Amino acid sequence: MDERYRRIYAAIAAIPAGRVAGYGQIAARAGLPGRARLVGAALRDSPDGMQLPWYRVLHSNGTIALPRGSRGFREQTKRLRAEGVDVRNGRVPMQAFGLDADLDRALWGIG
DNA sequence: GCAGTGACGACGA
DNA sequence: TTCGTCGCCACTG
């Protein structure tokens, strides 16, 4: 496992329940700005045994990355709703559930 | 080393 | 709001 992947996993694990973050945010927090695709690769490569809130990672616009109707899509939607996140038609209002700048700073100690 | 592909993101129509 | 295109970088054959 690469150091980059470790950082990505750590950034994802830092997302609090009931909140969501974009791939770009995760990549940036992992010290890999602009490498959003690498976050997706890391999730694909993540072991099943690893406890990772992968379902809290969405597209920058708040839409679920997985294809509509796929098992992962259903699983992500189900888990998010279980945490109180409002998933409307495969989409989450980032302005309500996304990580704000202040919250982001509080979580990852930026600034 | 080259070409194809992808759990992405920003833009323009 | 939705769709298509381009740029990005890492992985794979």
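Protein residues around two DNA strands

In this predicted model, DNA strand C is surrounded by Asp 2, Arg 4, Tyr 5, Arg 35, Arg 37, Leu 38 and Arg 91. Helix 1 (3-13) and helix 3 (36-45) are the elements that give two or more residues to this surface. Sorted by class, the surface near strand C has five charged residues, two nonpolar ones and no polar ones. On the DNA side, 92% of the strand C atoms within 4 Å of the protein belong to sugar or phosphate, and the rest belong to bases. One phosphate oxygen of strand C is 3.1 Å from an N or O atom in the side chain of Arg 91.

DNA strand B has another set of residues around it, including Tyr 23, Gly 24, Arg 37, Trp 54, His 59 and Ser 60. Of the strand B atoms that come within 4 Å of the protein, sugar and phosphate account for 42%. The surface near strand B has six nonpolar, four polar and two charged residues. Its largest share, five residues, comes from helix 3. Phosphate oxygens of strand B lie 3.0 Å from a backbone N or O atom of Gly 24, 2.9 Å from a backbone N or O atom of Ser 60, and 2.9 Å from a side-chain N or O atom of His 59.

Now consider helix 3 itself. Val 39, Ala 42 and Leu 43 are buried in helix 3. Seen down the helix axis, the buried residues fall within an arc of 100°, so they line one face of helix 3. Helix 1, helix 2 (23-29) and strand 2 (57-58) are among the elements that cover them. The face turned away from the buried side carries the exposed residues Arg 37, Arg 44 and Asp 45.

Notes: Residues numbered from 1 in each chain as written. Chains lettered and ligands numbered in written order. Predicted model: local features only at pLDDT ≥ 70, side-chain atom pairs only at ≥ 80, totals over all residues. Heavy atoms only, no water. Near = heavy atom within 4 Å. Polar contact = N/O pair within 3.5 Å; in protein donor to acceptor, adjacent residues only side chain to side chain. Helix = DSSP H or I, 4+ residues; strand = E, 2+ residues; numbered from the N terminus. Nonpolar A, V, L, I, M, F, W, Y, C, P; charged D, E, K, R; others polar. Buried < 20%, exposed > 50% of the residue type's maximum accessible area, 1.4 Å probe, protein only. Arc of directions from axis to C-beta. Contact = heavy atoms within 4.5 Å.
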